[in-house]
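Please walk me through this model in a viewer, one selection at a time. Tell me what to pick next and what is there.

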Amino acid sequence: MAKQTLILLYGGRSAERDVSVLSAESVMRAVNYDKFSVKTYFITQAGDFIKTQEFVSPPDETDKLMTNDTVIISQQVKPSDIYEKGAVVFPVLHGPMGEDGSIQGFLEILKMPYVGTNIMSSSIAMDKIATKQVLETVGVPQVAYTVYIEGSDLEAAIAETLRKLSFPVFVKPANMGSSVGISRVSDENELRSAIDLALKYDSRILIEQGVVAREIEIGILGNSTVKTTEAGEVVKEVAFYDYEAKYIDNQITMAIPAHIPDQAMDKMRKYAAKAFQAIGGCGLSRCDFFLTETGDIYLNELNTMPGFTQWSMYPLLWENMGLAYPDLIEELVELAQEMFTKRESHLI
């Protein structure tokens, strides 16, 4: 039986490009090479598509994917050159220009199945403000927040924040993930500086009430039928679970399953499925919650392309449910093909 081609798109133009490389390398090592062959394409920081390695058997431990530091520009191809009939694309891309619906639209124009959420759900979930506005309509609980849009009245936004929220608060670019550009602030001066930092990454800024809470995460898998995992917990060894702690220093441990009351676990799983369906999700997502000491639950974020590094929460959550990493990839490919067939059938 001929192997199916799995195309890994990785890198990208966002500030999360380094995470993408780590995720893609983990996926390429986890693939079942009895069923798949793998082709990889690197998207540079400048947005160029570079044809990189191909694998028909498990790569050596020394094999590393191309990065911006090792790019071979002579291998540049047209973006449409990734097309291959019967192939499925796994866009292992995080952040803007990868997780926001743009690459999904490109792949739909090419008529290629792809892993993950569609154009609409990707773009909604990528924008933290839009996500909150959608989830409010279906009754999913969230922490209090205010918004600053570049070009609007900054003083009015700060005044509203001081009136509605209490320090500490978190300032976040609306369209960035992996803790890039996020600040924890304790006073008005820090708030202004944090907004300036966030504006380097986005023109839409979310300001959220800080809460003393445990960080609990739920994995989601499926299309019209949605499955959720038991919860996992990020056990922090640092004050703020930032980009460096997550991906560079790896100063975190995880408790899977999380040691939380069954009632809280059940509520989170139901909220996760409801949120996923509310944004029109398909394929996969990871839902991040806060659980306070008093038992309050708040949905913090929906990640439509969660990290796939060897220490990432999402694959570990499914491993706890009995779905091994290679089998998870295979199921994601099947879901991608199912959604492709459904999208094509709707074009009548």
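**Starting at a cysteine**

Select Cys282 first: with a relative accessibility of 2%, this residue counts as buried. Keep in mind that the model is predicted. Add Cys287, which is also classed as buried, at 0% relative accessibility. How far is the sulfur of Cys282 from the closest cysteine sulfur? The distance is 15 Å, to Cys287, and that is too far for a bond. Going the other way, the closest cysteine sulfur to that of Cys287 is in Cys282, again at 15 Å and too far for a bond. A disulfide would need the two sulfur atoms within 2.5 Å. Across the whole structure the search returns 0 disulfides.

**The sheet**

Next, show the strands of the open sheet. There are 5 of them, in the order 4-3-2-1-5, and the pairing is mixed. At the edges are strand 4 (76–77) and strand 5 (88–91), each of which pairs on one side only.

Now select residues 4–11, which form strand 1, together with strand 5: the two run parallel and are joined by 4 bridges. Which residue of strand 5 is the bridge partner of Leu8? Pick Phe90.

**Helices on the sheet**

Colour residues 17–30, helix 1. This helix lies across strand 1, strand 3 (49–55) and strand 5, and runs at about 155° to strand 1. Then colour residues 102–109, helix 2, which packs on the sheet and touches strand 1, strand 2 (36–43), strand 3 and strand 5. The direction of helix 2 makes about 170° with that of strand 5.

**The cores**

In soluble globular proteins, nonpolar side chains tend to be buried together. The largest nonpolar core here has 35 residues; select Leu6, Phe90 and Phe308, which touch the most other members. Two or more residues of this core come from each of strand 1, helix 1, strand 2, strand 3, strand 5, helix 9 (313–320) and helix 10 (325–345). Helix 10 gives the largest share, 7 residues.

Centre the view on Phe308. Which residues is Phe308 in contact with, leaving aside neighbours within four places in sequence? They are Ser23, Ser26, Val27, Phe90, Leu284, Tyr314, Tyr325, Leu328 and Leu332.

For the last stop, select Ile124, Ile216, Ala264 and Met265. These are among the 23 residues of another core, which lies apart from the largest one.

Key. Residues are numbered from 1 along each chain as its sequence is written. This is a predicted model: local features need pLDDT of at least 70, side-chain atom pairs count only at pLDDT 80 or more; totals for chains, interfaces and linings use all residues. Side-chain values use heavy atoms; hydrogens and water are left out. Two strands pair if DSSP finds at least two bridges between them. Contact means heavy atoms within 4.5 Å. Axes are lines fitted to C-alpha atoms, for helices over the stretch in contact, and angles run from 0 to 180 degrees between N-to-C directions. A nonpolar core is a set of buried Ala, Val, Leu, Ile, Met, Phe, Trp, Tyr and Cys residues joined through side-chain atoms within 4.5 Å. Buried means under 20% relative accessible area, exposed over 50%, partly exposed in between (1.4 Å probe, protein chains only).
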